[in-house]
Amino acid sequence: MRRSLLWFKHDLRLDDHPALIAAASSERMLPVYVLDPKLLQQGQLGARALGVHRARFLLESLLALDGALRARGSHLLVVQGQPEHILPLLAERLDISEVVTHEEIAPQALSEIARLRAKLGQVPLRLVPGHGLLQASELPCPVEQLPAVYRDFCAVMEERLVVFQPLAAPERLPAIPEAAVELLMPPPTLSHLGLGEPIHIADSAFPFSGGEAAAQGRLRDYLWDSQGVRQYASARDSLIGTEYSSKLSPWLANGCLSVRRVVADLRRHEAQYGRNESTQELWRAVLWREFFRWTLVRRGEALFQAGGLKATQQAPTAVDERFLQWTQGRTGMPLVDACMRELAATGFISKRGRQVVASYLVNELRQDWRHGAAWFEEHLLDYEAASNWGNWAYLTGIACDPVRSQTLNPLLQARRFDPEAAYVSLWLSELRALPVAMRHTPFVLSHLQLNALNYPRLEHVPESWQPYLPGAAA
Ligand SMILES: Cc1cc2nc3c(=O)[nH]c(=O)nc-3n(C[C@H](O)[C@H](O)[C@H](O)COP(=O)(O)OP(=O)(O)OC[C@H]3O[C@@H](n4cnc5c(N)ncnc54)[C@H](O)[C@@H]3O)c2cc1C
């Protein structure tokens, strides 16, 4: 009897899941998720890979996946440990014929797969393409010839009218091997993982909950019910609210939603309601993700090095107390602090917010960008290696883009994207005592006044902020 072990990783869904389809042709199939406790330990750059928000979303996604598998006659086995130890043990004990999983692109995941393959010995490990929008064979040119700059990448990809045909979830699945039944247990809770509960703070972005049903609900709502997608181009730089962008990223990152399904639905929406600037912008947003994925495939480890893809010596390498202040949302620059507090409280911030805080850390505070990227890795619900490290490298000016760095003037950004100071008021309660007009510039107040507010003082107000200070325009 053929028995497959299906190894779920960041593909926690049944819809459009090529590895699941491949494994489901066996007589017995054991779906397994391995939660590696190493992810909960501090890494070399001081942050954990899996913080409390990410862990909460992951555990919810696992519960939802188990429910969906049960509804089709299967189960999810969740085990804590390292895949290269756990999976060979299971394979031996349950007489598994092959292990099936999706292909990976990040260096750490690739070496994990290599270690697993070695430990599996005679049991074949089948890698199925499945995470990205396009597989290598669907690219318009060989991977090495893909443009290294986003604009050129878009030009190659944008008009490529691929008709994405995602695979439907199977209605029934093979039962798990009989001997596996006694191994089943509920997934761990946050406190089992030693993480405690996230504090619930009024959401400024979205009440994200893990799992495929929640993901499909959001996709349906954004494209069909509320049709928020039709305002995407004008709304996407806002900082507050559920509708300023699709909010699909946490589900895409955990694989609760397939990116091919997103694009297939976007194309259907366009066929029914027409293509507009917003639907095109959303397609280009998805292409950013694809761009960074292929950048990681081509450049691998180089993306994580201090000098980035340019291997330059110019990127700052300092890490001092200013990095700590940045993480705590206590730099004295209100827009930056508000974003960092939203991130810590909810695990999410807008793209605009991410750009502002990343640029501030690197260009104003001159801190090592890799520490910022690692902090994001711990906290972002939507953390993905390629998108996170790729965007950080891009903002730092050490990606392949000809632009040296994407320096953003944070005060100009505050004036433009938070003109009524609603966002900083939401997250920085200590500034609510000030008149609205002062909430972006508390640093012009005296020491005494700032102390009374319990808000930190900025060491230095850059020259470039002068035109945006109170009264400057008059
Ligand atoms: C410093 C920094 C770090 C980032 N880290 C991540 C990360 O770890 N994971 C992540 O998914 N995104 C990351 N982004 C990109 C972007 O901020 C988020 O994808 C976006 O804010 C998610 O919200 P949304 O789903 O509403 O996006 P929308 O604006 O609705 O876009 C739709 C989808 O397109 C993709 N996308 C859009 N912009 C980008 C982009 N610049 N890069 C890659 N994909 C993009 C995402 O999958 C997103 O869900 C980062 C951006 C910056 C500046």
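Good morning. I shall begin with the ligand in this predicted model. Sorted by class, the shell around the ligand holds 14 nonpolar, 8 polar and 7 charged residues. In total, 29 residues surround the ligand, and the closest are Ser245, Ser246, Ser249, Asn388 and Asn391. Four elements each give two or more residues to this shell: α8 (249–254), α10 (277–299), α13 (351–364) and α15 (385–396).

Which element gives the most to the shell around the ligand? That element is α10, with 6 residues.

Let me turn to the domains. Where does the ligand lie with respect to domain 2 and domain 3? Domain 2 covers 212–304 and domain 3 covers 321–468. Both domains give residues to the shell, and the ligand therefore lies between them.

I now move from the ligand to the chain as a whole. Its secondary structure consists of 18 helices and 5 strands. The radius of gyration of the chain is 23 Å, close to the 23 Å that the globule rule gives for 474 residues, so the chain is as compact as a globular protein of that length. Taken along the principal axes, the box filled by the C-alpha atoms is roughly 80 × 50 × 45 Å.

Two further values describe the interior and the contacts. Of the 474 residues in the chain, 43% are buried. Among contacts with a separation of 6 or more, 76% are between residues 24 or more positions apart.

To close, I return to the ligand: domain 2 and domain 3 both contribute to its shell, and α10 gives the most residues. Thank you.

Methods
Residues are numbered from 1 along each chain as its sequence is written. This is a predicted model: local features need pLDDT of at least 70, side-chain atom pairs count only at pLDDT 80 or more; totals for chains, interfaces and linings use all residues. A residue is near a molecule or strand if its C-beta atom, placed from the backbone, lies within 6 Å of it. Ala, Val, Leu, Ile, Met, Phe, Trp, Tyr, Cys and Pro count as nonpolar, Asp, Glu, Lys and Arg as charged, and the others, Gly among them, as polar. Domain bounds come from an automatic or database domain assignment. The radius of gyration is taken over C-alpha atoms; the globule rule is 2.2 Å times the number of residues to the power 0.38. A residue is buried if 20 or more other C-beta atoms lie within 10 Å of its own, exposed if 12 or fewer, and partly exposed in between; C-beta atoms are placed from the backbone. Two residues are in contact if their C-beta atoms, placed from the backbone, lie within 7 Å.
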